[in-house]
Amino acid sequence: NSAFIVRSLGTTLSRDPNNLTAKNSFKATSVVNKRIVGIKAAEKGVIMTTKSKGKLIETRMSRGSRRTMKAIKAATVGSFYRPDLSDAAMRKASVLLRSQKSKGAAKRRSRKPKN
């Protein structure tokens, strides 16, 4: 049991802030595991949370989406720190970065009037 558990439509979900998949599973929970990976939105970019010696370390990444993806992959797979969560972390970061992009103003096209 956990304070983060939520049951919805027959599935058990988790509101744990460092749970990447929102599923209540041992793999994804940050309460039990010694090594965690969490992704959350920043004002510009994303913040990656890891755990070292019992302390949470937040790393801000705001220098472009490709560089952010490369940094997340290097921090998880490249340094053998929870490579099983690499795909989920990259997906969540991608969604957050895409949501922060501004949509360009719609262009008004003027056409010749038909005669």
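## Phe 26 and the nonpolar surface patch

In this predicted model, Phe 26 is exposed, with a relative accessible area of 58%. The residue belongs to the loop that runs between strand S2 (11-14) and S3. A relative accessible area of 58% lies over the 50% cut-off, and Phe 26 is therefore classed as exposed.

Phe 26 is also one member of a nonpolar patch on the surface. The other members of this patch are Phe 4, Val 31 and Val 32, and the four residues together have about 390 Å² of accessible area.

## Residues with positive phi

Most residues other than glycine have a negative phi. Leu 9, which is not a glycine, has a positive phi of about 50°. Leu 9 is placed in the loop between strand S1 (5-8) and S2, and its relative accessibility of 87% puts it among the exposed residues.

Ala 22 likewise has a positive phi, near 65°. This alanine is found in the loop between S2 and S3. Ala 22 is partly exposed, because its relative accessible area of 32% falls between the 20% and 50% cut-offs.

## Salt bridges

Two salt bridges are found in a search of the whole structure. One of them joins the side chains of Glu 58 and Lys 40, with an N to O distance of 3.0 Å. This pair links distant parts of the chain: Lys 40 belongs to strand S3 (residues 37-41) and Glu 58 to strand S5 (residues 55-61), and the two are 18 residues apart. Lys 40 counts as partly exposed, at 37% relative accessibility.

Asp 84 and Arg 82 also form a salt bridge, in which the closest N and O atoms are 3.1 Å apart. The two partners fall into separate accessibility classes: Arg 82 is buried, with a relative accessible area of 13%, whereas Asp 84 is partly exposed, with a relative accessible area of 37%. The value for Arg 82 is under the 20% cut-off, so this arginine is classed as buried although its side chain is charged.

## Phe 80 and Gln 100

Phe 80 lies in the loop between helix H1 (65-78) and H2. At 66% relative accessibility, this phenylalanine counts as exposed. Along the chain, Phe 80 and Thr 12 are 68 residues apart, and their C-alpha atoms are separated by 29 Å.

Gln 100 is located in helix H2 and counts as partly exposed, at 31% relative accessibility. When neighbours within four places in sequence are left aside, Gln 100 is in contact with Ala 41, Ala 42, Glu 43, Lys 44 and Gly 45. Of these contacts, Ala 41 falls within the range given for strand S3 (residues 37-41). The C-alpha atoms of Gln 100 and Arg 66 are separated by 14 Å, the two residues being 34 apart along the chain.

## The positive surface patch

Lys 107, Arg 109, Arg 111 and Lys 114 form a positive patch on the surface. Among them, Arg 111 is placed in the segment after helix H2 (86-100). Arg 111 counts as exposed because its relative accessibility of 76% is over the 50% cut-off.

Technical notes
Residues numbered from 1 in each chain as written. Predicted model: local features only at pLDDT ≥ 70, side-chain atom pairs only at ≥ 80, totals over all residues. Heavy atoms only, no water. Patch = residues over 30% accessible without salt bridge, like charges linked within 9 Å, V, L, I, M, F, W, Y side chains within 5 Å. Areas by Shrake-Rupley, 256 points an atom, 1.4 Å probe, with all protein chains shown as cover. Charge placed at Lys NZ, Arg CZ, Asp CG, Glu CD. Helix = DSSP H or I, 4+ residues; strand = E, 2+ residues; numbered from the N terminus. Buried < 20%, exposed > 50% of the residue type's maximum accessible area, 1.4 Å probe, protein only. Contact = heavy atoms within 4.5 Å.
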